[in-house]
Amino acid sequence: MKKPRGAGLTRRSALRLGALGAASLALPHVARAEGSKFLRFVPSADLAVRDPIFTTASVTANHACMVFDTLYGVDENFDPQPQMVAGHTVADDGLTWTMTLRPGLKFHDGEPVRARDVVASLRRWGARDMYGQEVLARSNEILAVDDRTLRFRLKKRFNALPAALGKNGPNICVIMPERLAATPATTQVTEMVGSGPYRYLAGEAMSGARYVYEKFSGYVPRSEGVTSRMAGPKIAYFDRIEWKIIPDQSTAAAALQAGEVDWVESLNSDLAPLFDNSRDATVHLSTDLLQSIIRFNWLQPPFDRVEIRRALIGMVSQTDYMTAAYGSDARRWKDDVGFFTSNGPMGTSVGLEPLRGRRDMAKVKEALKAAGYQGEKVVLLQATDVDNLNGLANVAADELKQAGMNVEVQASDWGSISQRRVNRGPLDKGGWSVFVTGLSNTIDPGGHLALRANGAKAWFGWPDSPRLEELRQQWFDAPDLAAQKKVCEAMQLQAMQDVPYLPVGEYRILTACKKNLVGLPPGAPFFYGVRRA
């Protein structure tokens, strides 16, 4: 068996924490009973930014799903279901949507949720999010008719409106009080007041170490349906949830073994065997596929030139990236994949031939030379506190160097990178050239962050491709699934020409938790519905 990285630290931590576990056995019965209402969770990264509109970091989206609520929520099939909305009506040949809020919705500060809060939240979200931009662009008017009634008057039919408002993944359409939603989308909201099942306890937070949530007694779950991703009743079974920031996965695994934490969001495959014979803890493999990518900065040399981006397609070995990030267990990852989730309705292999076959670095070097590369510095951002991203960055740096590029790796924690990547400036002003990351919503063009190519309004990297944007609009207007698939084939062909990013594989998250935790979601760590058996 392959020795896990950090195994020595794991054993030492287990021994050190074993004393704590033994001591807990001596606690009175009442104290142990209270523990059933207390959950300790280790996220995959630090919660450096808490505003889910300001950043696309997945850790922030997971935090947001506790604190805030959404008008709609996608279920396990990614179909949108009413959430804060009691229901809606559609009139005027699809141009007028009227939505009614459920009665009794309250914010954590005690104020009722009003339609004007929703309107302000939609405008802030739409200024930042790619799906939100589409909602605003297709709307003549979004207004609060009264405290519980919201109305959209559209320029043209938009059947995807509920899907946009209930989207899964980064920049979810959270509803916050009007006074907070009035904050420009380019400025962080730091006061976390939502209407979700958990309240954020800012007074107990310790940056980089701990974040604390408390069950919101004023939250009323939907009365019908079953909990399914972001849809159905959001039932909070725990009175208190603590996020413990433990960057080293070996240490996190040791803490789980010793009973110091209950749930570790992301675990390296090398550590999974530690739980093979555990009485108390186990591992789960997510059913969702997420995409790993190399993202280029189109605003700064050398990746402002399409010929240089295109030349690097030939350097990619998806197998190498996936093995470095997720180990040799092929159940955790897939290679030979493109720009849309491979097992989703829009997944296609059309146009992927340049990503296949034997890597030829000499040929890549020639292509870079022909493209005009003259040794410009390339700053690659590397997150050393997230194992899979660290592994991806190591392979990217090695391949770029083999291709003859002048690479400078700048390592830091993921929280710092998630803030730095907003910098559009040159390298000597804190800018960057390339980073690696994972994407959770690459199923179709609607919520696909990295395929939006509207320049200054696009996601970090700011690609500008009028053709990709034109195809995206065609996808929204396509009459049926077959037509949508054809558009996605064309989008993938165009992406291989424009290269807004390079897909380097798909992966499933390996989670470890106590065996008595049930109701775990199939993908992202949503905390409603999770309980102790």
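Student: Where is tryptophan 462 found?

Tutor: Look in the loop between strand 17 (434-439) and helix 14. Helices (H or I, at least four residues) and strands (E, at least two) are DSSP runs, numbered from the N terminus. Keep in mind that this is a predicted model: local features need pLDDT of at least 70, side-chain atom pairs count only at pLDDT 80 or more, and totals for chains, interfaces and linings use all residues. Residues are numbered from 1 along each chain as its sequence is written, and side-chain values use heavy atoms, with hydrogens and water left out.

Student: What is phi of tryptophan 462?

Tutor: Start with the background: most residues other than glycine have a negative phi, and most peptide bonds are trans. Tryptophan 462 has a positive phi, near 50 degrees. With a relative accessibility of 3%, tryptophan 462 counts as buried (under 20% relative accessible area is buried, over 50% exposed, in between partly exposed, with a 1.4 Å probe and protein chains only). Phenylalanine 78 also isn't a glycine, and its phi is positive at about 65 degrees. You'll find phenylalanine 78 in the loop between strand 2 (72-74) and strand 3 (80-82), partly exposed at 31%.

Student: And the peptide bonds: which residues does a cis peptide bond join?

Tutor: Proline 301 and proline 302, with omega at about 5 degrees. Proline 302 belongs to the loop between strand 13 and helix 9.

Student: What is methionine 405 in contact with, leaving aside its neighbours within four places in sequence?

Tutor: Contact means heavy atoms within 4.5 Å. On that basis methionine 405 touches Pro302, the second proline of that cis bond, along with Phe303, Ile308, Leu312, Leu368, Tyr373, Val378 and Leu400. Methionine 405 itself is in the loop between helix 12 (387-402) and strand 16, and at 5% relative accessibility it is buried. Its C-alpha is 7.6 Å from that of glutamate 376, although the two are 29 residues apart in sequence.

Student: Which residue forms a salt bridge with glutamate 376?

Tutor: First, the rule: a salt bridge is a side-chain nitrogen of Lys or Arg within 4 Å of a carboxyl oxygen of Asp or Glu. For glutamate 376 the partner is arginine 305, with the closest N and O atoms 2.4 Å apart. Glutamate 376 is in the loop between helix 11 (361-370) and strand 15 (377-383), and arginine 305 in the loop between strand 13 (290-296) and helix 9 (306-311), so the pair ties together parts 71 residues apart in sequence. Glutamate 376 is partly exposed at 22%, and arginine 305 is partly exposed at 23%.

Student: How many salt bridges are in the whole structure?

Tutor: A search finds 29. Another of them joins glutamate 408 and lysine 377, at 3.2 Å from N to O. That pair links strand 16 (residues 406-412), home of glutamate 408, to strand 15, home of lysine 377, across 31 residues. There's also a network, where bridges sharing partners join Glu134, Arg138, Lys156, Arg472 and Asp477.

Student: Are glutamate 134 and arginine 138 buried or exposed?

Tutor: Both are buried. Their salt bridge has its closest N and O atoms 2.7 Å apart.

Student: How do I read the packing of helix 5 and helix 14, and at what angle do they pack?

Tutor: Two packed helices are described by the angle between their axes and the distance between the axes. Axes are lines fitted to C-alpha atoms, for helices over the stretch in contact, and angles run from 0 to 180 degrees between N-to-C directions. Helix 5 (residues 130-137) and helix 14 (residues 466-477) pack at about 70 degrees, with axes 13 Å apart. Helix 5 and helix 14 are therefore roughly perpendicular (65 to 115 degrees; under 35 is roughly parallel, over 145 roughly antiparallel, the rest oblique). Met130, Tyr131 and Glu134 of helix 5 make the contact with Arg472, Gln473 and Phe476 of helix 14.

Student: Then at what angle do the axes of helix 14 and helix 15 cross?

Tutor: At roughly 170 degrees, with the axes of helix 14 and helix 15 (residues 481-498) coming within 9 Å. Helix 14 and helix 15 are therefore roughly antiparallel. The contact includes Leu471 and Trp475 from helix 14, and Val487 and Met491 from helix 15.
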